[in-house]
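Welcome, and please open the structure in your viewer. We will walk through it one selection at a time, with a short look at what is there at each stop.

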Amino acid sequence: MGYVIPQGDTVVLGGTFQLNDWNTKPNENDTRTILRICSKGLPALEQIRHGKVQVGLRPYRDNGVRLEHEKTPDGIDVVHCYGHSGSGVTLSWGCAKDVVEIVKTLLPPNPKSESDLAEHEQLWRLVPNIKYVFITAKL
């Protein structure tokens with residue numbers, strides 16, 4: 001199965017699912033296979049000759065995506081959002097919205113929300129000390 005995702009002035013092509021393959025170097029056979037499969041649905045892609053090839057690791061979980069809040073034994077709030085496998089690009093919008101909703105429940109009420117800033121920018125400004133914010137990926 002392949003996929004084609006337009007992104008501004010680029011197009012992402014993909015379509016491999018290889019459990020426990022953490023190789024970060026492009027594989028020529030995979031690249032040819034992806035281009036062949038995607039070109040069947042969109043023949044104009046056959047004209048691609050010098051596209052940039054990258055490998056994206058997509059962590060998979062048997063139990064599906066983990067999207068939840070956890071308070072650690074030492075009182076730190078952690079919002080987990082991982083395990084999307086190959087669906088990360090398509091699920092990211094909805095999952096990001098859910099993460100924001102969870103984070104909003106963890107923040108103190110702020111009655112002075114008269115800002116022209118986007119909601120995500122307002123949330124970042126509520127973080128008291130940015131050096132203690134960690135974004136991690138569990139592989």
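Start by selecting Cys81, in what is a predicted model. Is this residue buried, partly exposed or exposed? Cys81 counts as partly exposed, because its relative accessibility is 31%, between the limits of 20% and 50%.

Keep Cys81 on screen and add Cys95, which holds the closest cysteine sulfur. How far apart are the two sulfurs? The distance is 4.6 Å, which is too far for a bond, because a disulfide needs the sulfur atoms within 2.5 Å. Searching the whole structure gives zero disulfides.

Now pick another cysteine, Cys38. Cys38 counts as buried because its relative accessibility is 3%, and the limit for buried is under 20%.

Next, go to strand β4 and select residues 77-82. Within this strand, click on Val79. Val79 is partly exposed, since its relative accessible area is 24%.

Which residues does Val79 touch, once its neighbours within four places in sequence are left aside? Show Glu68, His69, Val99, Ile102, Val103 and Leu106: Val79 is in contact with each of these. Pause on Val99, which is 20 residues from Val79 in sequence. Draw a line from C-alpha to C-alpha between Val79 and Val99, and your viewer should give 7.0 Å.

Now move to strand β1, residues 3-7, and strand β2, residues 10-14. In which sense do β1 and β2 pair? The pairing is antiparallel, and it runs over five bridges. Together, β1 and β2 form a hairpin with two residues between them. Zoom in on the turn and select Gly8, which has a positive phi of about 60°.

Step along the hairpin to see who faces whom. Select Ile5, and you will find Val12 of β2 standing opposite. Then select Pro6, whose bridge partner in β2 is Val11.

Stay with Val11 for the last stop. Val11 counts as partly exposed because its relative accessibility is 46%. Switch on the surface and add Val4 and Leu42 to your selection. What do Val4, Val11 and Leu42 make? These three residues make a nonpolar surface patch of about 220 Å². So the tour closes on Val11, a residue that belongs to strand β2 and also helps to make this patch.

Note on methods: Residues numbered from 1 in each chain as written. Predicted model: local features only at pLDDT ≥ 70, side-chain atom pairs only at ≥ 80, totals over all residues. Heavy atoms only, no water. Patch = residues over 30% accessible without salt bridge, like charges linked within 9 Å, V, L, I, M, F, W, Y side chains within 5 Å. Areas by Shrake-Rupley, 256 points an atom, 1.4 Å probe, with all protein chains shown as cover. Salt bridge = Lys/Arg side-chain N within 4 Å of Asp/Glu carboxyl O. Helix = DSSP H or I, 4+ residues; strand = E, 2+ residues; numbered from the N terminus. Buried < 20%, exposed > 50% of the residue type's maximum accessible area, 1.4 Å probe, protein only. Pairing = 2+ DSSP bridges. Contact = heavy atoms within 4.5 Å.
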